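Reader: I would like a close look at one part of this model, namely any enclosed space and what surrounds it. Please start with the meaning of the term and then work outward, in as much detail as you can support.

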Amino acid sequence: MPPVFFERHKTEELRIGLLSWYMDAIDKALIRENRYEFYLSGIGNTLLISLFAVILGFLIGAFVAVVKQLCAGRRGIGWIAKICDLYVFVIRGTPVLVQLLLINAVLFNYRGANAIVAAVMCFGINSGAYVAEIVRAGIESIDKGQTEAGRSLGLGAGQTMWLIVLPQAIKNILPALGNEFIVLVKETSIAGYIAVTDITKAAQYVGSKTYDLITPLLIAAAFYLILVFILTKLQKLLERRLGKSDRR
C-alpha cells in the first residue's frame, strides 16, 4: 500500500485517540461521582452573590451619586460631596481581591461567619463605586430644564432629583447597569479566596480529585460563557423594549 494510506491511517487513529482521551477527561471532571453537582452549586452561589451584590451596589451607587450632586459646591455641606469622591477614589483605586480579604478578615473573621454574606458586601461596595459614576453621568445627561421645571412647580432640590431627574437618568443608564452586572458575575470568580464555592472554586475542587485541573477549568470557563451569553441576550432584549417605548 502507498505511504499516503499509512499516514492517513495514523492521523485518523491519532484523532480518535485524542477524542477518546478528552471525552474520558470530561467524563471524569463532570459526570463521574455526580461531580456536576459541584458546578451546579457553584453556579447557584455565583448568581446569588452577583444578584444581591448588584442590588446593593445600585443602592449605594445611586445614593452616593445623588448626594454628591445635591451637596457639591454648597456652603456648609460641600464636605459631604468630598467624602463621596473619596469613597469612589478608594474603592476604584484598590484591587477587589484586597477588598474581599479585608472585609472577610475585619467583619467576618469569627466562628460560624457566612462567607457568602462577606462576598455580597464586598462586591456590592465595590460595584457601588462604579455605579455611582454611571448614575452621575446619567444625571448629568438630563436636560437642566427638567430641574428648572421641577423647581418651578414648588419642589425642593431633593424632591426634584428623586421624582423627576433620577427616574429619567436610570432609564438612560440601564444598559450600562446591565454591563456592570455581567462584569460582576465574572468578578465573583475570586470569591473562592474566602472559601465560597463558586464556579471557579468548584472546578478547582474537582481538579484536586481527578488530578487534572485543565479540564475542570475549561468546563468552568464554558459555564461563565453561557451565563454571560444569556445575560447579554437579556440586556439586548431590555434595550429593544426601551427603544420601542421611546418611539411611542
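Author: A cavity here is a set of points, on a 1 Å grid over the protein atoms alone, where a 1.4 Å probe fits but cannot get out, and its volume is the space filled by probe spheres set on those points. The model is a predicted one, and it holds one cavity of 30 Å³ or more, with a volume of about 30 Å³. The residues that line this cavity are Val64, Ala65, Lys68, Cys84, Asp85, Val88, Ala132, Glu133 and Arg136, and helix 2, helix 3 and helix 5 each supply at least two of them. Sorted by class, the lining has five nonpolar residues, no polar residues and four charged ones.

Two of the helices around the cavity also pack against each other. Helix 2, residues 36-71, and helix 3, residues 78-93, meet at an angle of about 145°, their axes being 8 Å apart, and the crossing is left-handed. On the side of helix 2 the contact is made by Ile60, Val64, Val67, Lys68 and Cys71, while helix 3 brings Gly78, Ile80, Ala81, Cys84, Asp85, Tyr87 and Val88. These contact residues comprise nine nonpolar, one polar and two charged. Val64 and Lys68 of helix 2, together with Cys84, Asp85 and Val88 of helix 3, take part in this contact, and these residues also belong to the lining of the cavity.

From helix 2 the picture can be carried on to helix 7. Helix 2 and helix 7 pack at an angle of about 145° with their axes 10 Å apart, and helix 2 passes helix 7 in a right-handed crossing. From helix 2 the contact takes in Thr46, Ser50, Leu51, Ala53, Val54, Phe58, Val66, Gln69 and Leu70, and from helix 7 it takes in Ala157, Gly158, Met161, Trp162, Leu166, Ile170, Leu177, Phe181, Leu184 and Val185. By class, 15 of the residues in this contact are nonpolar and four are polar, with no charged residues.

Next come the open spaces, which are pockets rather than cavities. The largest pocket has a volume of about 290 Å³, and of the 15 residues that line it, Gln69, Leu70, Lys144, Thr147 and Met161 are the closest to its centre. Helix 2, helix 5 (115-141), helix 6 and helix 7 each give at least two residues to this lining, and helix 7 gives the most, with four. The lining divides into seven nonpolar, three polar and five charged residues. Gln69, Leu70 and Met161 have appeared above, in the contact of helix 2 with helix 7.

The second largest pocket encloses about 240 Å³ of space. Its lining has 13 residues, of which Val54, Leu174, Leu177, Gly178 and Phe181 are the closest to the centre, and the elements that give two or more residues to it are helix 2, helix 7 and helix 9 (214-247). Helix 7 again gives the most, here with five residues, and the lining as a whole has 10 nonpolar residues, two polar and one charged. Val54, Leu177 and Phe181 likewise belong to the contact of helix 2 with helix 7.

Helix 6 remains to be placed. Helix 6 (residues 144-152) packs on helix 7 (residues 157-187) at an angle of about 140°, with the axes 9 Å apart, and the two helices are therefore oblique to each other. Their crossing is right-handed. Gln146, Thr147, Gly150 and Arg151 of helix 6 meet Ala157, Thr160, Ile164, Val165 and Gln168 of helix 7, which gives a contact of three nonpolar, five polar and one charged residues. Thr147 of helix 6 thus takes part in this contact, and Thr147 is also among the residues closest to the centre of the largest pocket.

How values were computed. Residues are numbered from 1 along each chain as its sequence is written. This is a predicted model: local features need pLDDT of at least 70, side-chain atom pairs count only at pLDDT 80 or more; totals for chains, interfaces and linings use all residues. Side-chain values use heavy atoms; hydrogens and water are left out. Axes are lines fitted to C-alpha atoms, for helices over the stretch in contact, and angles run from 0 to 180 degrees between N-to-C directions. Angles under 35 degrees count as roughly parallel, over 145 as roughly antiparallel, 65 to 115 as roughly perpendicular and the rest as oblique. A crossing is left-handed if the near helix is turned anticlockwise from the far one by less than a right angle, and right-handed if clockwise. Contact means heavy atoms within 4.5 Å. Ala, Val, Leu, Ile, Met, Phe, Trp, Tyr, Cys and Pro count as nonpolar, Asp, Glu, Lys and Arg as charged, and the others, Gly among them, as polar. On a 1 Å grid over the protein atoms alone, a cavity is a set of points where a 1.4 Å probe fits but cannot get out, and a pocket is an open set with protein on both sides within 12 Å along at least five of seven lines; lining residues have an atom within 4 Å of a point.
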